[in-house]
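Work through the exercises below with the structure open beside you. Each task is followed by a solution that proceeds in steps.

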Amino acid sequence: MAKRIDVKDLNVYYGAFKAVEDVTMTVEPRSVTAFIGPSGCGKSTFLRTLNRMHEVVPGGRVEGHVMLDDQDLYSPKVDPVAVRRTVGMVFQRPNPFPTMSIFDNVAAGLRLNGLRDKKRLAERVETSLRGAHLWNEVKDRLDKPGAGLSGGQQQRLCIARAIAVRPSVLLMDEPCSALDPISTQAIEDLIGTLKSDYTIVIVTHNMQQAARVSDRTAFFNLAATGRPGRLVEMDDTQKIFSNPTQRATEDYISGRFG
Amino acid sequence: MSGTTGAAPTARRDPFGGGPSDPQGTRKTGRLGDRLFGGAARGAGLLVIAIVVLVGVFLLSRAVPALLDNRANFLTSTEWSVGGESQRFGIATMLWVTVASSVVAMVIAVPLGVSVALFITQYAPTWLARPAAGLVQLLAAVPSIVFGIWGAYVVGPYFEPVQNLLNSVLGWTPLFSDTTVSGSSTILFAGVVLAIMVLPIVTAMSGEIFAQTPTTHREGALALGATKWEMIRTTVLPFGKPGVISAAMLGLGRALGETVAVMIILSALADGTAWSWSLLNGGETFASKIANGAPEFTTPLQTGAYIAAGLVLFVLTFVVNAIARVVINRRKAFTE
């Protein structure tokens with residue numbers, strides 16, 4: 001189920017502006033890969049190219065290749081909608097659909113995929129909510145609005161919604177930045193269990209978090225304001241935080257940046 | 001709650017949904033400016049309530065004597081002979097014509113207006129969206145008499161074949177059965193013109209709320225692998241539903257009360273014409289009946305008959321608004 005991602009010579013643009021330049025990297029299946037770097041370095045932008053969400057923004061386009069196992073996501077024959085069904089995403093702010101109940105939120109993706117059978121829907125919803133460590137907290141109020149949950153619960157609901165469709169890859173764009181430490185802990189524990197089934201890529205501003213949850217870490221940086229962001233270095237998390245190859249990486253992780 | 005829905009209009013305090021009138025407690029500690037402004041605002045609010053109540057009282061006080069004098073059943077009679085010794089009048093025909101023409105208008109205007117609003121806010125490129133929205137707004141500025149004349153003399157002849165087709169295909173149903181009315185002076189055509197008149201209200205209000213759908217919701221749907229239409233169906237439409245309902249009700253309010261255009265288009269029926277459910281029939285709405293009857297406002301009792309009809313229209317619009325409120329409130333738990 002989990003798939004490998006191979007990115008080759010990827011340039012990312014907003015209209016004429018080049019936001020990210022020349023990224024080549026491999027993301028291993030069943031592992032957690034963290035993207036770190038200063039604000040505006042293009043790590044979130046790059047993340048959004050991995051499920052073609054970048055194109056949703058007017059003027060957003062890319063050059064280069066993103067391979068999911070053997071399939072090029074940017075081949076003209078590939079439908080971006082199909083890509084997003086294989087590569088799930090969790091956003092910075094919890095965004096459950098406010099007009100839907102907890103159950104319907106988790107079932108939303110399944111229904112988009114044409115699953116109508118009530119019994120199978122209920123099973124998948126339960127499995128996903130259990131998988132997101134949320135089942136025990138919501139099992140008695142599945143018909144209540146998802147927006148009534150706490151921020152941390154909402155984020156786990158969004159994770160349940162994303163994994164319900166059984167994607168190959170799960171992208172997380174700063175999933176804990178709007179949460180309190182206890183909810184953050186819950187999400188981090190969850191990432192630890194999810195990685196046995198999924199390829200997980202997480203963008204984070206919190207270096208301790210990257211060190212805690214990830215197996216591999218990629219450091220992004222930009223030469224100057226207005227210049228495109230670049231991938232500076234990617235290695236085992238252990239190595240990045242103890243003995244990075246690049247001077248810029250060392251400066252950033254030791255807080256001597258800028 | 002996170003700030004994602006902070007931009008949503010439903011998150012604001014809804015002035016018509018009740019709530020604490022003085023949440024900051026400014027009344028006790030208020031400075032002069034606060035007190036002046038607060039007083040002025042309260043005065044304006046009370047004035048509006050007073051006006052509505054007074055209109056109701058006026059209508060009742062004039063209508064009741066005429067109703068007591070009425071020899072026919074006011075609600076079920078189709079007669080309308082006022083003046084003279086014994087008045088006989090009922091509103092059955094007017095009620096039907098008013099409701100039928102307005103419902104026809106809403107059946108056309110709501111889907112059309114929602115579609116136009118979706119096109120403007122979700123599909124059209126920016127260079128097209130702005131002029132298109134402006135053009136729709138311009139429709140709202142056209143006076144209703146212009147719509148009436150344009151409808152009756154320009155569009156009407158082209159609409160006749162449509163009616164004939166409906167009559168020949170669906171003539172076996174009561175709604176499209178044969179009538180004595182010729183040409184396009186029908187309830188159906190009045191509804192079509194009313195639809196064009198309420199279209200700007202429906203489009204503008206729906207568009208406004210569609211445009212406020214938070215990006216996080218839209219992206220959430222897209223990231224699940226929703227197509228554009230599925231994204232709209234799962235996020236934009238549910239988010240905008242209360243707005244569409246209020247837009248429809250405002251439009252319905254205008255359609256129910258529209259006078260001049262309906263007066264020009266509809267051909268009034270002779271007194272004693274047999275009852276028909278056909279939309280291809282003529283008739284008069286409350287508003288057009290009252291306007292047509294203006295020359296007969298001679299004695300208090302005679303005028304009272306028309307005022308009683310006006311009272312029914314007043315109550316009708318009240319009921320429409322109340323229903324809209326209930327529908328919107330019921331969905332509230334899921335939109336905040």
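## Exercise 1: Salt bridges in chain A

Asp143(A) and Lys144(A) form a salt bridge in which the closest N and O atoms are 3.9 Å apart. The model is a predicted one, and the distances used in these exercises are to be read with that in mind.

**Task.** Decide whether Asp143(A) is buried or exposed, and do likewise for Lys144(A).

**Solution.** Begin with the cut-offs: a residue is buried under 20% relative accessible area, exposed over 50%, and partly exposed in between. Asp143(A) has a relative accessibility of 54%, so this residue counts as exposed. Lys144(A), at 43%, therefore counts as partly exposed.

**Task.** Find which side chain meets Arg111(A) in a salt bridge, and classify both partners by accessibility.

**Solution.** The partner is Asp104(A), with 3.0 Å from N to O. Next take the accessibilities: Arg111(A) stands at 31% and is partly exposed, and Asp104(A), at 25%, is partly exposed as well. As a last step, look for a network, and you will find that salt bridges link Lys18(A), Glu21(A) and Arg230(A).

## Exercise 2: A covered helix

**Task.** Determine how many of the eleven residues of helix H3 of chain A are buried, and what covers them.

**Solution.** Helix H3(A) runs over residues 102–112, and nine of its eleven residues are buried, which leaves the helix mostly covered. Going along the helix, the buried residues are Ile102(A), Phe103(A), Asn105(A), Val106(A), Ala107(A), Ala108(A), Gly109(A), Leu110(A) and Leu112(A). For the cover, look both within the chain and beyond it: chain A contributes, among other parts, helices H2 (80–86), H4 (118–131), H5 (135–138) and H6 (151–164), while H8 of chain B is also included. Finally, move just past the end of H3(A), where Gly114(A) adopts a positive phi of about 95°.

## Exercise 3: Where the two chains meet

**Task.** Describe the contact between chain B and chain A, and state how many salt bridges the rule finds across it.

**Solution.** Start with the residues that take part, which are 25 from chain B and 27 from chain A. The area buried between the two chains is about 2200 Å², and carbon and sulfur atoms give 66% of this area. Turning to the charged pairs, the rule finds two salt bridges across the interface. It also finds four residue pairs in polar contact there, both residues of each pair being at pLDDT 80 or more. On the side of chain B that touches chain A, the elements giving two or more residues are helix H7 (215–223) and helix H8 (228–257). H7(B) supplies the largest share of that side, namely seven residues. By type, the residues of this side of chain B are ten nonpolar, eleven polar and four charged.

**Task.** Identify which residue of chain A forms a salt bridge with Glu230(B), and work out why the pair joins two chains.

**Solution.** The partner is Arg85(A), and the closest N and O atoms are 3.2 Å apart. This bridge belongs to a structure that holds 19 salt bridges over all chains. Now place the two residues: Glu230(B) lies in helix H8 of chain B and Arg85(A) in helix H2 of chain A, so the pair joins two chains. Their accessibilities complete the picture, since Glu230(B) is buried at 15%, whereas Arg85(A), at 22%, is partly exposed.

## Exercise 4: Aromatic rings

**Task.** Work out how the rings of Trp275(B) and Trp277(B) are arranged.

**Solution.** The whole structure contains 13 aromatic pairs over all chains. In the pair formed by Trp275(B) and Trp277(B), the ring centres are 5.3 Å apart and the planes stand at 85°, so the arrangement is edge-to-face. Trp275(B) is partly exposed at 36% relative accessibility, and Trp277(B) is partly exposed too, at 47%. Elsewhere, ring pairs join Phe74(B), Trp80(B), Phe89(B), Phe297(B) and Tyr306(B) in a cluster.

## Exercise 5: A serine in a loop

**Task.** Establish where Ser31(A) is found and what the residue is in contact with.

**Solution.** Ser31(A) is found in the loop between strand S2 (17–27) and strand S3 (32–36) of chain A. Its relative accessibility is 7%, so Ser31(A) counts as buried. A polar atom of the Ser31(A) side chain lies 2.7 Å from the backbone oxygen of Glu28(A). Setting aside neighbours within four places in sequence, Ser31(A) is in contact with Lys195(A), Tyr198(A), Thr199(A), Ile200(A) and Asp215(A).

Key. Residues are numbered from 1 along each chain as its sequence is written. Chains are lettered from A and ligands numbered from 1 in the order in which they are written. This is a predicted model: local features need pLDDT of at least 70, side-chain atom pairs count only at pLDDT 80 or more; totals for chains, interfaces and linings use all residues. Side-chain values use heavy atoms; hydrogens and water are left out. Contact means heavy atoms within 4.5 Å. Buried area is the accessible area (1.4 Å probe) that two parts lose on being put together, summed over both. A salt bridge is a side-chain nitrogen of Lys or Arg within 4 Å of a carboxyl oxygen of Asp or Glu. A polar contact is a pair of N or O atoms within 3.5 Å; within protein, one must be able to donate a hydrogen and the other to accept it, and residues adjacent in sequence count only if both atoms are side-chain atoms. Helices (H or I, at least four residues) and strands (E, at least two) are DSSP runs, numbered from the N terminus. Ala, Val, Leu, Ile, Met, Phe, Trp, Tyr, Cys and Pro count as nonpolar, Asp, Glu, Lys and Arg as charged, and the others, Gly among them, as polar. Rings of Phe, Tyr and Trp (its six-membered ring) pair if their centres lie within 6.5 Å; planes under 30 degrees apart count as stacked, over 60 as edge-to-face and the rest as tilted. Buried means under 20% relative accessible area, exposed over 50%, partly exposed in between (1.4 Å probe, protein chains only).
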